[in-house]
Amino acid sequence: MVIIPTELLTDNGKKLKSILNELIAFNDLEQDFIDWFKSHHFCNSLVDCIVPGKPANEVYQQMQSDIGFTDKLLTVSEPYRLWAIEGDENVASVLSFAQADQRVIITPDIEKYKELKLRLLNGTHTLSCGLACLSGIATVKEGMADKALSAYISNLMLHEIAPAIPYRLNINEAAEFGLQVLDRFRNPYLQHQWLSITMQYTSKLAMRTIPVLLRYYEMHKSAPPYFSLGFAAYLLFMKAVRKDGDKYYGESNGQSYLVNDDQAPYYFSLWQKYSPEDIVSIVLKNTAFWQTNLQQLEGFEASVKEKLSSLISKGVTQTLNAVIAN
């Protein structure tokens, strides 16, 4: 058998095999079973295709009319799709369905595809979601229709993240993938909420973006302006102004929002005790968050402080426009 888990976990095939090995040992299964178990392939895989499910009612009615019959299970997905499966020629011979779609890719190493998705799609989402929420823009589609935020997203992705992906990639390949991601962000049928992207904001920022920042510094020895602005927006978004039970709420544009992050109590305490400038310094040197001292990156602290101050005093739109103009 060839077993392909599809959970969005790194090395999901190895993880599943490890769990099953633990269960084999726990249940003291016989050697014949162990030998049989070892004969099967467990493949790491990456699935990338947004499937929103049943469309909005007006779209659904139009689609029913177009196809000429009623389909109560009608499901829509975005046109883009990728299923990268880690395997050799033997695995490919078993998974014959891969021949039906060129976007099912069976290769000995899927790390490249993981890096492209993690940095360009997920990383851009993470560095943009705070700005979008603070400016009152609800969905990714709306963000791409906003001139300033759209320019920020494009420049961040193509000029700061793509060249600094911490993996040996052809820059043209990264740029091509980035342009595909921008098209996906513009999909008129996807209602992807920016607020949902802020869930566990801190851990996402650490995993998806900090390796890119460190690689950028290796290349340029200077602070990336779009990244700095995204980080400043993260700090401001994490400013909860109200605690209700064990939940923390921020406020922007007269609207309350949930800070859905394990570090919400930490930031609630920080914003009550310290100035914005001090908070930048404290957070950047928190190695428990970032696994490195970001305060040591020359110019990054000053850049984040400047942009946080601008966000607070001038607002998101004016700050965005200033960064883009420079």
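Two strands pair if DSSP finds at least two bridges between them. The exercises below apply this definition, among others, to a predicted model.

**Exercise 1. How many bridges join strand 6 to strand 7, and in which sense do these strands run?**

Solution.
Step 1. Strand 6 is joined to strand 7 (residues 247–252) by three bridges, and the two run antiparallel. One bridge places aspartate 244 opposite its partner in strand 7, lysine 247.
Step 2. Strand 7 also pairs with strand 8, over four bridges and again in the antiparallel sense. Here tyrosine 249 faces leucine 258 of strand 8.
Step 3. The result is an open sheet of three strands in the order 6-7-8. Strand 6 (242–244) and strand 8 (255–258) are the edge strands, each pairing on one side only. On average, neighbouring strands of this sheet are turned by 35° against each other, direction ignored.
Step 4. The hairpin of strand 7 and strand 8 has two residues between the strands, and asparagine 253 takes a positive phi near 55° in this hairpin.

**Exercise 2. Why is one side of strand 3 and of strand 5 left without a neighbour in the sheet?**

Solution.
Step 1. Another open sheet has three strands in the order 3-4-5, with mixed pairing.
Step 2. Strand 3 and strand 5 (104–107) stand at the edges and have a single partner strand each, so one side of each lacks a neighbour in the sheet.
Step 3. The average turn between neighbouring strands of this sheet is 10°, direction ignored.
Step 4. Strand 4 (residues 82–86) and strand 5 run parallel and are joined by four bridges. Alanine 84 stands opposite isoleucine 105 in strand 5.
Step 5. Helix 5 packs on the sheet and touches strand 3, strand 4 and strand 5; the direction of helix 5 makes about 40° with that of strand 3.

**Exercise 3. Classify the arrangement of helix 10 and helix 11 from the angle between their axes.**

Solution.
Step 1. The axes of helix 10 and helix 11 (residues 210–220) cross at roughly 40° and come within 4 Å.
Step 2. Angles under 35 degrees count as roughly parallel, and 65 to 115 as roughly perpendicular. The two helices are therefore oblique to each other.
Step 3. In the contact, Leu205, Ala206, Met207 and Arg208 of helix 10 meet Ile210, Pro211 and Val212 of helix 11. These residues divide into six nonpolar, no polar and one charged.

**Exercise 4. Which element gives the largest share of the lining of the largest pocket?**

Solution.
Step 1. The largest pocket holds about 760 Å³ of space. It is lined by 31 residues, of which Leu8, Leu46, Lys117, Asn122 and Arg208 are the closest to its centre.
Step 2. At least two lining residues come from each of strand 3 (45–48), helix 5 (111–134), helix 9 (194–197) and helix 10 (201–208).
Step 3. Helix 5 gives the largest share, nine residues.
Step 4. Sorted by class, the lining of this pocket has 12 nonpolar, nine polar and 10 charged residues.

**Exercise 5. What volume does the largest cavity have, and which residues line it?**

Solution.
Step 1. Rolling a probe the size of a water molecule over the atoms shows where empty space is left.
Step 2. The structure holds one cavity of 30 Å³ or more. The volume of the largest cavity is about 80 Å³.
Step 3. The largest cavity is lined by Ile50, Leu121, His125, Val140, Lys141, Arg184, Phe185, Asn187, Leu190 and His192. Helix 5, helix 6 (140–145) and helix 8 (171–185) are the elements that give two or more residues to this lining.
Step 4. By class, the lining of the largest cavity comprises five nonpolar, three polar and two charged residues.

Note on methods:
Residues are numbered from 1 along each chain as its sequence is written. This is a predicted model: local features need pLDDT of at least 70, side-chain atom pairs count only at pLDDT 80 or more; totals for chains, interfaces and linings use all residues. Side-chain values use heavy atoms; hydrogens and water are left out. On a 1 Å grid over the protein atoms alone, a cavity is a set of points where a 1.4 Å probe fits but cannot get out, and a pocket is an open set with protein on both sides within 12 Å along at least five of seven lines; lining residues have an atom within 4 Å of a point. Grid points are joined across faces, edges and corners, and a volume is the space filled by probe spheres set on the points. Ala, Val, Leu, Ile, Met, Phe, Trp, Tyr, Cys and Pro count as nonpolar, Asp, Glu, Lys and Arg as charged, and the others, Gly among them, as polar. Axes are lines fitted to C-alpha atoms, for helices over the stretch in contact, and angles run from 0 to 180 degrees between N-to-C directions. Angles under 35 degrees count as roughly parallel, over 145 as roughly antiparallel, 65 to 115 as roughly perpendicular and the rest as oblique. Contact means heavy atoms within 4.5 Å.
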